[in-house]
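Trainee: Could you take me slowly through one part of this model, namely the aromatic rings and what surrounds them? I would like to follow each step with the structure in view.

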Amino acid sequence: MRHLKLPLGMSDFEEIKQNGYYYIDKSGLISDLLVRKAAKVTLITRPRRFGKTLGMSMLAHFFDIEKNSRALFEGLEISKQKELCVQWMNQYPVIFLTFKKVDGLNFKSAYEMLEATIAEFCQRHSFLMESEKIAKEQKEVFQRLKECRASGTELKNSLEFLARMMQIHYGKQVILLLDEYDVPIAKASSNGYYKEMLEVMKAMLGSSLKDNPSVKFAVITGCLKVAKESIFTGTNNFVSDSILSFGFSEYFGFTQKETEKLLLDADAAEYALAVRKWYDGYHFGNYDIYCPWDVLNYLHDLQDNPQAKPASYWKNTSDNAIIRSFIDYAGSNITRKMETLLSGGYIVQQIEENLIYDYLHSSEENLWSVLYLTGYLTTAQKEGCKENLKDGEYALQIPNAEVMEIFESTIKKWFDDTAKLENRQKLFNAVWNGNDELLTDEMTRLLRTTISYHDYGEDFYHAFLAGIFAGAGYPVESNKEHGEGRSDVIVYNPREAKVAVFEAKYAKKLCDMDKACDMALLQINERMYAEEFADDYDEILCYGISFFRKRCRVRKR
């Protein structure tokens, strides 16, 4: 395998290009913004880890009058458009800010992070204090912003103010680039200060975007469009580009062609099927898109170890709280749809793009929309969809093996937590007293409260069994070598010197459940799963269990 210099976790275009990191050319975004989709304000929404910040950094380096970026763009697609480069490259003052760090457990700490974001920009542009074109009063406000001493009103108007200062200094309108604009609002919604932060961000963005003569045009990125909160209301010539749109689909994430070339350049074409299974499956506009964060991480691991297996890198960048909150909300209708998705099928849903963060959990429709717009679901390919979809309806499915694993692990954790809240004492008493009839009733009752995955396969039931006991503090072994084979689940009760051996079978038909129980008990006997415990435990309880969907039958040897 050929070792490439991969830009893991890097979002600065200049750093990547100057230091020779592998770069997939996305410079076509520049000409599309200027020519094909020219607008006063362009909002681009994509899931996290799809290259939004790197794309914005590229735009900033291309336009910024304070830089000389010709060498950075040499050989890229945009460099072929000579007239456009002469007209736009390094010809305009740029305000480039990312709000991804504006977070806090309360409004005060988040507000301070917002102040620090503005102050950092001012510090990088301290030369404006020396400009003879800028009035003394403006310099005083600038100094207060720089030192985090500005009033609330000054902070709310800071973007409009800075654009005006830069226009006065350079004699040209400003290009405004705002990355992850909705992070402060999303974090505020999660931590209970939504109204306070919304007021600040609404004023800050509104004053800078609406009829601002100092701004030539603006590009904004985020995960969700929050138009109903009127941040963008009244903005002239406003264009919104989401994963449902067809405008900039190929510029965020890796296309099939780009991924194939990357693997070829790394001499790793043999891993193409694994990469596709785990990290492909997103459909943005007309493009089939891979998650770039995952592809690069897996390729990096393969360069160190050619035997490396695909992993869920996306999961490690967030707590995936949206899935957990969705499952907590779940009623019987949502549960059925979730099980359809987890079995590899699709569901049909209305998608609402204009969402209000404070009401994301107010309806089932909102929740499905959020899962789709944030990348946990994608549109099903037309050839696999048999539905006649109405306007606004989409067939949705889980995009790939990585997201499937995220759903499954989140559901397993949810079940473990939920099971802890259930009164399981009857179930435990039934196990240790050998009461298989009561154990059947209690196991079935608990089974009906969970969401199944693996299409009711044996893996699901093994996890279900182990979770019941592990969550209560019992020592549990799952699929460990015992006797002459591997028993499904072993549960220990050291205090009473008892051990329970469970062998589970999945019955394909309801009428086969008794036969499946007998087969499980026969396997325990023939493979002598219980023999090794005879010397250390006073009582060994052996149970054959059969499952059919959300039904359970238990028999004791």
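Mentor: Let us begin with F284, which counts as buried because its relative accessible area is 2%, under the 20% that marks the limit for a buried residue. Please keep in mind that this is a predicted model, and that what I describe is computed from it. The partner of F284 is F50, and the two rings form a tilted aromatic pair, with 5.4 Å from centre to centre and 50° between their planes. F50 is buried as well, with a relative accessible area of 1%. Now look at where the two residues sit along the chain: F284 belongs to strand β7, residues 282–284, whereas F50 lies in the loop between β1 (41–45) and α3 (52–63), so the pair ties together parts that are 234 residues apart in sequence.

A second pair, F107 and Y111, is also tilted, with 5.6 Å between the ring centres and 50° between the planes. Here both residues belong to helix α6, residues 107–124, and because they are four residues apart, about one helical turn separates them. An α-helix has 3.6 residues a turn, so residues three or four places apart point the same way. As for exposure, Y111 is buried at a relative accessible area of 17%, while F107, at 25% relative accessibility, counts as partly exposed; the dividing value is 20%, so the two residues fall into separate classes.

These two pairs belong to a longer list, for a search of the whole structure finds 31 aromatic pairs. Ring pairs also link F13, Y23, F62, F63, F73, W88, Y92 and F217 into a cluster. One of the members of that cluster, Y92, has a further neighbour, since K172 lies over the face of its ring, at 5.3 Å from the ring centre. A similar arrangement can be found at Y21, where the charged end of K5 sits over the ring, 4.7 Å from its centre.

To finish, turn to helix α19, residues 425–433, where aromatic residues appear among the buried ones: L427, F428, A430, V431 and W432 are buried there. Just after this helix comes G434, which takes a positive phi of about 75°.

Notes: Residues numbered from 1 in each chain as written. Predicted model: local features only at pLDDT ≥ 70, side-chain atom pairs only at ≥ 80, totals over all residues. Heavy atoms only, no water. Buried < 20%, exposed > 50% of the residue type's maximum accessible area, 1.4 Å probe, protein only. Phe/Tyr/Trp six-rings, centres within 6.5 Å; stacked < 30°, edge-to-face > 60°. Lys NZ or Arg CZ within 6 Å of the ring centre and 35° of its normal.
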